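Visitor: Before we begin, may I ask you to place the structure in front of us? I should like to go through it step by step.

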Amino acid sequence: MKSFLIIGLGRFGNHLCKDLTGLGSEVMIIDKEEAAVQELLDYATTVKIGDCTSEEVLRSLGVGNFDACFVCIGSNFQSSLEITSLLKELGAKYVVSKASRDIHAKFLLRNGADEVIYPDKDIAERVAVKFSANHVFDYFELHSDYSIFEIQPKKSWIGHSIAEANIRAKYNVSIFGIQKGEQLDILPPPDYIMREEDHLMVVGLKKNIDKLLENI
C-alpha cells in the first residue's frame, strides 16, 4: 500500500485525496485552514492543520516516509516554492508540485520538484481536443508526441475485423482497447469484428492519429 502527503486542499487537492484513498492508498492531508480539511475527514488516513512554510511543521510530518508528496497550493506561488524546496531538504522521496504558469514550473523544478503538473491546463486541453475534433469521445496525452484517443470506427471498418482493416499498417497506430457500453476490452484480438457503437482506444503518435481522424 502506498502512502502520500497532500499539502493544500483546494479543488485539486480535495479531488486528489478522494481519488487516492478510493484506490486504496494511505493519505495524510494538511492545510493551514481548519475548514479546508473538514470535508475530507472521512477520506484521509491522517488529518493535520498547520502552515507548511514552517520547517518545523514539515519536519513533524516525516515527509521522507511518503511515496510522494503533493504540493497543491495554487493561489500563493511563493508558499508553493518554499514548501517544495523544504520538502526536498527534509528528505522527501518524490515531490509533485502544482503550477498554473510555465515560469512557475521552471522555478519549482529548479527548487526541488521532481514533477510539475498543470491540472487546469491539462483539463482545458482535453476539452479543447474533444470538442474541436470530429469523431473523438475522449483524449489523453501520454507524452508531448504520443496520445490516446477514444474514437468511433470508420464506416468502412464496421463489420470487419481489426486485422482486415489493417489499421496499424495504414496509419501507424494501434487499437489497444474497445469500449462497449460500460465494458472495456483491453488488447482485443485481431479477429474482433468492429461495430458501429464501439469506441476504439487508439494509441500512437499524435500526428498519425490526426491523419487517421481526417479520414473518418
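**A guided reading**

Visitor: Which residues are linked in a network of salt bridges?

Guide: A salt bridge here is a side-chain nitrogen of Lys or Arg within 4 Å of a carboxyl oxygen of Asp or Glu. One such contact joins Arg195 to Asp198, whose closest N and O atoms are 3.1 Å apart. The network links Arg195, Glu197 and Asp198.

Visitor: What kind of model is this?

Guide: Residues are numbered from 1 along each chain as its sequence is written, and side-chain values use heavy atoms, without hydrogens and water. Local features need pLDDT of at least 70 and side-chain atom pairs count only at pLDDT 80 or more, while totals for chains, interfaces and linings use all residues, for the model is predicted.

Visitor: Is Asp198 buried or exposed?

Guide: Buried means under 20% relative accessible area, exposed over 50%, and partly exposed in between (1.4 Å probe, protein chains only). Its partner Arg195 has 35% and counts as partly exposed. Asp198 has a relative accessible area of 1%, so Asp198 is buried.

Visitor: How many residues apart are Glu55 and Arg59 in helix α3?

Guide: Helices (H or I, at least four residues) and strands (E, at least two) are DSSP runs, numbered from the N terminus. The side chains of Glu55 and Arg59 meet in a salt bridge at 2.4 Å, N to O; Glu55 is partly exposed at 38%, whereas Arg59 is exposed at 52%. Helix α3 covers residues 55-60, and about one helical turn separates the two because they are apart by 4 residues.

Visitor: In which helix do Lys206 and Asp210 lie?

Guide: The side chains of these two residues also meet in a salt bridge, at 3.3 Å from N to O. Lys206 is partly exposed at 26%, and Asp210 is partly exposed at 28%. They are 4 residues apart, about one turn, in a helix of residues 206-214, namely α9.

Visitor: How many residues of strand β1 are buried?

Guide: In a regular strand the side chains alternate between the two faces of the sheet. In β1, Ser3, Leu5 and Ile7 lie on one side and Phe4 and Ile6 on the other, and all are buried. For this strand of residues 3-7, the count is therefore 5 of 5.

Visitor: Which residue of β2 stands opposite Phe4?

Guide: Two strands pair if DSSP finds at least two bridges between them. β1 and β2 (residues 26-31) pair in the parallel sense over 5 bridges. Opposite Phe4 in β2 stands Val27.

Visitor: What is the handedness of the crossover from β1 to β2?

Guide: The chain passes from β1 through helix α1 (residues 11-22) to β2. With the strands pointing away from the viewer, a clockwise path from the first strand over the helix to the second is called right-handed. This β-α-β crossover is right-handed.

Visitor: Which residue of β4 stands opposite Phe4?

Guide: β1 also pairs with β4 (residues 68-71), in the parallel sense and over 4 bridges. Opposite Phe4 in β4 stands Ala68.

Visitor: What is the radius of gyration of the protein?

Guide: This radius is taken over C-alpha atoms, and the globule rule is 2.2 Å times the number of residues to the power 0.38. The C-alpha atoms fill a box of roughly 65 × 35 × 25 Å along the principal axes. A compact globule of 216 residues would have a radius near 17 Å, but the protein has 22 Å.
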